[in-house]
Amino acid sequence: MRRTVMAVVLALSVALPAAGVAGAVDAPASGSGSYVGVEYFPEPDGEGARTSVPVNSPHAQPETPARHRTPVASEDGEVVPLAETGPTADRLDVTIVGDGYTAAEQEDFLQDARTKWDEVTDIEPYRSYEGLFNVWAVKAVSEESGVTGDPGRDDVRNTALGSYFWCSATERLICVDLDKTKSYADKAPATDLVIVISHSAKYGGAGYSGLAADYGYDGVSTLSSDNAQSTLIAAHEMAHSIGLLADEYQYAGYGDHPGPEPAYPNASMLTADRMAAQRAKWASWLGEADPSGGTVGTFEGADYYEYGVYRPTRNSLMRALNTDEFNLPGREAMIAGFYRSANALTPLVDTTVTVSRFTPLSVELADLDTGLAGIRLRWYVDGREARQARGMTTVLPATLGVPAGRRAHRVTATVVDTTSAVRSPVVRDLTSNSVTWTVTR
Ligand SMILES: [Zn+2]
């Protein structure tokens with residue numbers, strides 16, 4: 001579905017963020033001088049690391065007071081839908097903001113945003129579930145082209161979001177001004193995750209997560225625009241926010257996991273035999289050949305600890321950026337996450353008004369690529385299946401078997417994702433969704 005809609009939406013005409021973020025504060029609680037945790041990958045092909053970095057950037061452009069703004073129309077803050085697959089309430093909304101692109105380079109930014117999203121969605125399970133995502137590009141006009149720290153540590157640029165290499169004295173760590181980023185991301189119709197593309201060919205990036213309380217969305221990934229390996233940083237970071245996945249790497253000297261059992265779906269203190277006996281965590285995948293290579297089992301070292309905690313596979317994209325494969329338990333957890341924020345069934349007829357027996361009822365299914373069986377759609381009248389309507393996206397209540405008469409009846413459409421990438425009944429339930437109409441006469 002990507003690239004189907006290319007209309008330009010003026011930022012000022014865009015509605016406020018969806019009701020889902022209503023609990024978020026207006027101004028982030030974390031102000032100047034605050035620090036947040038961030039993850040980065042010191043070497044392409046390598047394992048990750050974590051550190052603490054400032055919320056704000058010394059390199060961000062100061063806000064121009066409204067009265068001093070040039071009257072010339074500026075693209076700054078314009079929203080361009082790169083993929084609009086469904087209503088924001090039924091989709092994961094990814095907002096991509098560019099930094100280090102001048103007014104003359106905004107088309108470059110849009111092209112880079114499309115390329116990056118195409119690269120992310122070459123990776124499973126993003127590939128199969130691309131149809132559950134909306135993607136919004138927000139133009140941020142920078143005074144200067146490129147970002148601070150490229151090519152050299154002392155190269156400083158004045159940019160909209162102030163993104164910079166050499167954050168926390170680490171060359172490949174690209175930090176960004178989180179408050180500036182929010183001011184642009186908030187122009188999109190809805191935002192579940194943010195990707196900042198920093199205009200640079202040098203390898204680098206970072207992942208901020210757990211931001212929901214202060215910013216209204218969980219994660220911000222930074223990555224450099226013209227470096228293919230930086231794409232894997234975004235794929236990895238989004239998996240933390242979406243799939244609630246642990247890092248599958250460990251630090252030398254970090255020692256024993258202190259317990260209790262971690263909540264992460266891909267880290268456990270149980271060895272394979274105990275996991276199988278308790279049918280816990282990834283028990284249903286044990287022994288399977290994994291796309292990351294090798295077999296699903298329990299491999300010691302995960303969630304930063306060296307001992308007493310296990311990951312599902314020897315390697316995976318949650319361990320190091322030398323592979324673009326998530327392991328099977330990780331994929332299932334991400335699919336669960338997709339369906340926590342999105343769903344595959346959208347009613348095309350208002351469910352809040354009573355309809356007649358002869359009102360055509362239509363639904364739209366997300367365009368997914370989840371295998372032969374795919375999304376299963378079924379219809380019910382007062383809880384009883386109308387088997388003749390299996391898979392139909394438009395039905396007439398009368399033909400489904402709703403009888404004439406004064407009594408009101410319920411017509412329900414239900415979908416479930418039958419993908420073989422899901423084995424847990426709990427996750428299968430998450431993939432299911434229903435809509436119901438009241439029908440009379
Ligand atoms: Zn990570």
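The exercises below, each with a worked solution, concern a predicted model.

**Exercise 1.** Determine which residues coordinate the zinc ion, and how the donor residues are spaced in sequence.

*Solution.* Begin with the donor atoms: the zinc ion is coordinated by Glu39 through OE, listed twice, by His236 and His240 through NE2, and by Asp247 through OD, at 1.9 to 2.1 Å. Next, read these donor residues along the chain, where their spacing follows the pattern E-x196-H-x3-H-x6-D. Then place the two acidic donors: Glu39 belongs to strand β1 (residues 35-40), while Asp247 sits in the loop between α4 (230-243) and α5 (272-278), so the pair ties together parts that are 208 residues apart in sequence. Finally, consider exposure, for which both Glu39 and Asp247 are found to be buried.

**Exercise 2.** Establish whether Glu237 is buried or exposed, and what the nearest side chain of opposite charge is.

*Solution.* Locate the residue first: Glu237 is part of helix α4. Glu237 is buried but has no salt bridge, and Arg50, the nearest side chain of opposite charge, is 6.0 Å away, whereas a salt bridge requires a separation within 4 Å. Lastly, with neighbours within four places in sequence set aside, the contacts of Glu237 are Glu39, Phe41, Ala206, Gly207 and Ser221.

**Exercise 3.** Work out the strand order of the open sheet of three strands, and identify its edge strands.

*Solution.* The order is β11-β13-β16, with antiparallel pairing. The edge strands, each of which pairs on one side only, are β11 (345-347) and β16 (394-395). Turning to the pairing of β11 with β13 (residues 361-365), three bridges join these antiparallel strands, and Leu345 stands opposite Leu365 in β13.

Conventions. Residues are numbered from 1 along each chain as its sequence is written. This is a predicted model: local features need pLDDT of at least 70, side-chain atom pairs count only at pLDDT 80 or more; totals for chains, interfaces and linings use all residues. Side-chain values use heavy atoms; hydrogens and water are left out. Donors are N, O and S atoms within 2.8 Å of the metal (3.2 Å for Na, K and Ca); water is not among the atoms, so sites may look incomplete. Helices (H or I, at least four residues) and strands (E, at least two) are DSSP runs, numbered from the N terminus. Buried means under 20% relative accessible area, exposed over 50%, partly exposed in between (1.4 Å probe, protein chains only). Lys and Arg count as positive and Asp and Glu as negative; His and the chain ends are not counted. Contact means heavy atoms within 4.5 Å. Two strands pair if DSSP finds at least two bridges between them.
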